[in-house]
Structures are given as C-alpha cells and as structure tokens.
Amino acid sequence: MNSIKTLKLVMLIAFTFGLGNSAFSQDIHLQKAKAFSDAYFNQNFEKATEDFSPTILAQMPAEKLGMVAQQLQMQVGKLKNRGDIWDKKEGDFTSTFEPLFFENATLDLKLAFDNENKIQGLFFVPHTKKELELVNNETFSEQEIEVKTGEFSLRGILSLPKKQSKVPVVILVHGSGPNDMDETIGQNTVFKDLAYGFAQHGIATLRYDKRTKVYGSSPKLKLDELTLEEETIEDALSAVELAKSNQSIDPNQVYVVGHSLGAMAAPKIATSTDKVSGIVMLAGNARPLQDLLVEQYEHILGADGTIDEGEQIFVKDLKKQIANLEKLDDNEFTRQQLPLGLSSSYWKYLVKYDQVETAKKLKLPILILQGERDYQVTMEDYSIWKNQLQDGENVKFKSYPKLNHLLMEGEGISYPEEYKIKGEVAQYVIDDISDWIINR
C-alpha cells in the first residue's frame, strides 16, 4: 500500500472510528511533547532527549533523565494512564501539560518549548485541568458546566445570549470517536462554530466532552460492555436535564442537534425523554453503520483509480468482520474479529437499533440536513430519510451542494485531507437551523 493511501486510510479511521484526533494535529509542540513522553515511558532516554535544547541537555543528559524516572516511580508508583496533552502560552515559551495517572498520585508532565521548538524546561507538577476559553462579548457569554451521569463527569460550556431571557437551547451530540466539546477535527471546531453561530440568533448552546474522550483509558468505562447508550445517549439525556434546570433557558425549547453518529442517535435520545422539543440530524446515516464501512474504505483506497493487492486483502478482511455481525447471537467474538475493533456488546446494540423506524414514530419536529459532497454519510442515506419520512408533516429536509461531512464548503470529490484545512461550518447551515428553531 503506497504512503499516500496509507495516510488517507489512517486519517479516515482516526476521524470516523475513534482513534482520536492526533492524526490531524498541526501543533508541533503537542507532537513533540507526545514524542518525548512516549520515549520517556518506554525508557528510551536517548530518544527522549532529542528535542532538548543544549542548555537542558547539559543539565540533564539521557543517563540523568533515567535516574529521574527511577526516582519518580519510587515516589508515586507505576504509571497507570496518560491523559490528553494540552498547551498554553507562558511568556516567551509555550508549555505543554500531560496528565499522568500514577498508582499513588496524579501529576502533569510540563514541558516548556522555546521559539525554536526546543525543550527548555521539564517539570512534574500538581495536576490541573485545562483552562477553558470562555467568551464574554456584547452578544453572548459562556460559563463552564458539568454534565454528570452516575460516576461520570464531563466538562462543558454553556453559551448564553445576552439581553434576552428564557432562550431556546441546543444540546450538541458528537459523532464517532472520543471527541472534545468543540468536536475538534484538525484545525476545525464544528461544535464551537455552531455554538457561536447560534448565539448570534439568540439561541443558547450546551456542548461537552464526550465520555470516551474523558474516560477512554479508564477502567470505569468498561469498553467490553460499552454500547451507544453509554457512549452517547446517557450523557445527552443528562445534558437535557441540566439545560432545563438553567433559569435562562426556556424549558419548552430544548433541541438536540446530533452530528454523524450523534444524528443517528438523536431519534433514540428523543424517545428516551419527553423533555426534548425537536431534533436536528446533521449528516446522519440512515443505513446501518456496517453497511457504510466498505463503501467508505473503497472510496479512500480507490482515490488513485486502483485498489492494489494489499488493499484488497484489507477490504476482504473487513468484509469477514462485517459478516461476523450476522452471527453475534450464537458466537463470542473478540474485538479483532469485529469491525472497527468495537466489542460484541456495541455491535449487538447497533444491529438491533433502527434509527429510521425510531424516527418515524416521533411526533416532534425533525430537521434533516446533508452535505452533498459528504463521502462518509452520503446522499443515499439522505434519500432513504426522505423516502421513509416524507409523509410526516413534522419533518423538514435540506441538502447543500458544496458541503462535506463537517458541513464546510469545498469543491470536487471530498477526501480526508480536506479535514486538515481550516474551515468553518457554513453560515447558511447555522441560519437554517436557527430559523427552524425560532419559528417553531
């Protein structure tokens, strides 16, 4: 498989199926911080010092760094998990912070980078949460919130329009993978764009980190038992309750806006509570998820007009994994034997869940929007939605010729590389959703 196709394949998997957003990272400091940490905890101290400035290298060569690692383990025990790295500007330096969960303590690995991207400082400091960037301007203000479901607690932001009271609110529900509250994909922030846009229309927005983002490496999550309920639906319902309890929100105007997998889950969310006023489905698949997989992979791998022998083997193996989904009730499969490395529990839930039939039973307002250049969820899915729900007076549809899966404009055939380009959710999408909500 050639390098270009391999890159495209990795990007597709990373975005669509939950390997995180690291494949899209454009921040050299985050990349270098992760490279240092990987080398350090693999006890490859020579490699760990590669980005040290001459000053810190003289003070802490590889041998001494190894001694520091031994002393640290004696004090705080073995490393159990590592969290997501974040950064902030501190004077002339950019500092990165990586949460480290040891047996006896939680610390942050802090690295200070100079303007030549060299490490000038290395510290193990008390753990602190990433500072949220909250807006407070003439139009709207933001406040930090927590979405709590049982033992799970997710940080989030409530964006509230000013000079208004009892405003409608939108609950944003993520697509596949361990997304942050902004649904950050490369340089793009789909949910932040939506929140800021809705605020201009006098609509509040509640967005939050996804449970798999926060607890992906925690035994609390129980990945072998995870289903769409635990991954997405439960927290969306908690967010609905939280929004309705806010004195600035109109409790009769709470809307769920789901993107991709979140759109697929939206009908189920709406049937699980009587406190949702309507749902918006952005690029939501009408077909079963497994029916989309081969189509998506072949689109990427066939970008140059051919699928070589190695790629054909990959697709053949994927088809075998998909075929195993028909035998879930009578067999126990490992994650490696099922598509996307997801558990039997996850796939059993998805196989039984019919989002179209669930949506057909809803009486509340539904808005279905689709980008016509989207290769992940295509116009075939949009056509199914229209054909199956067109008789419902409560349902409205609209597609957009220039938009991709992120609801951002582009030209020609869409591929994963497009997600690396900084863009914004099209203003007319925000306007259409806002008008639909305001005119309810």
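Reader: Let's start with Thr358. Which helix is Thr358 found in?

Author: This is a predicted model, by the way. Thr358 is found in helix H13, which covers residues 355-360.

Reader: And is Thr358 buried or exposed?

Author: The general idea is to take the relative accessible area and ask whether it is under 20%, the cut-off for buried. Thr358 has 15% relative accessibility, so it counts as buried. Leaving out residues up to four places away in sequence, Thr358 touches Pro267, Lys268, Thr271 and Tyr353.

Reader: What about Lys348, how do I read that one?

Author: Between the 20% cut-off for buried and the 50% cut-off for exposed, a residue is called partly exposed. Lys348 comes out at 28% relative accessibility, so partly exposed is the label. Lys348 has its place in helix H12, residues 344-352. With residues up to four places away in sequence not counted, Lys348 touches Leu328 and Glu332. For a sense of span, the C-alpha atoms of Lys348 and Phe124 are separated by 43 Å, with these positions 224 residues apart along the chain.

Reader: Got it. Where is Asp27 placed?

Author: Asp27 is in the loop between helix H1 (3-16) and helix H2 (28-41). Asp27 has a relative accessible area of 24%, so this residue is partly exposed too. Here sequence and space are worth reading side by side: Asp27 and Gly186 are 159 residues apart in sequence, yet 9.6 Å apart in space, C-alpha to C-alpha.

Reader: Back to H12. How do H8 and H12 lie to each other?

Author: For two helices, look at the crossing angle: under 35 degrees is roughly parallel, over 145 roughly antiparallel, 65 to 115 roughly perpendicular, and the rest oblique. The axes of H8 (residues 228-244) and H12 come within 9 Å and cross at roughly 60°. H8 and H12 are therefore oblique to each other. On the H8 side the contact is made by Leu228, Glu229, Glu231 and Ile233, and on the H12 side by Tyr346, Tyr349 and Leu350.

Reader: Now the sheet. What is the order of its eight strands?

Author: Read a sheet by who sits beside whom. This open sheet runs E6-E7-E11-E8-E12-E13-E14-E15, and its pairing is mixed. Strand E6 (140-149) and strand E15 (395-400) are the edge strands, each pairing on one side only. On average, neighbouring strands of the sheet are turned by 20° against each other, direction ignored.

Reader: How many bridges join E14 to E15?

Author: Six bridges link strand E14 (residues 366-371) to E15, and these two run parallel. Within that pairing, Gln370 stands opposite Ser399 in E15.

Reader: Which helices pack on the sheet?

Author: Helix H6 (residues 190-200) packs on the sheet, and the strands touched by H6 include E6, E7 and E11. The direction of H6 makes about 165° with that of E11. Helix H14 (residues 379-389) also packs on the sheet, touching E13, E14 and E15. The direction of H14 makes about 160° with that of E15.

Reader: Zooming out, what radius of gyration does the protein have?

Author: Compare the value with what a compact globule would give. The protein has 23 Å, which agrees with the value near 22 Å for a compact globule of 440 residues. The C-alpha atoms fill a box of roughly 75 × 60 × 45 Å along the principal axes. Of the 440 residues, 52% count as buried. The protein has 15 helices and 15 strands. Among contacts with a separation of 6 or more, 65% come from residues 24 or more positions apart.

Methods. Residues are numbered from 1 along each chain as its sequence is written. This is a predicted model: local features need pLDDT of at least 70, side-chain atom pairs count only at pLDDT 80 or more; totals for chains, interfaces and linings use all residues. Side-chain values use heavy atoms; hydrogens and water are left out. Two strands pair if DSSP finds at least two bridges between them. Helices (H or I, at least four residues) and strands (E, at least two) are DSSP runs, numbered from the N terminus. Axes are lines fitted to C-alpha atoms, for helices over the stretch in contact, and angles run from 0 to 180 degrees between N-to-C directions. Contact means heavy atoms within 4.5 Å. Buried means under 20% relative accessible area, exposed over 50%, partly exposed in between (1.4 Å probe, protein chains only). The radius of gyration is taken over C-alpha atoms; the globule rule is 2.2 Å times the number of residues to the power 0.38.
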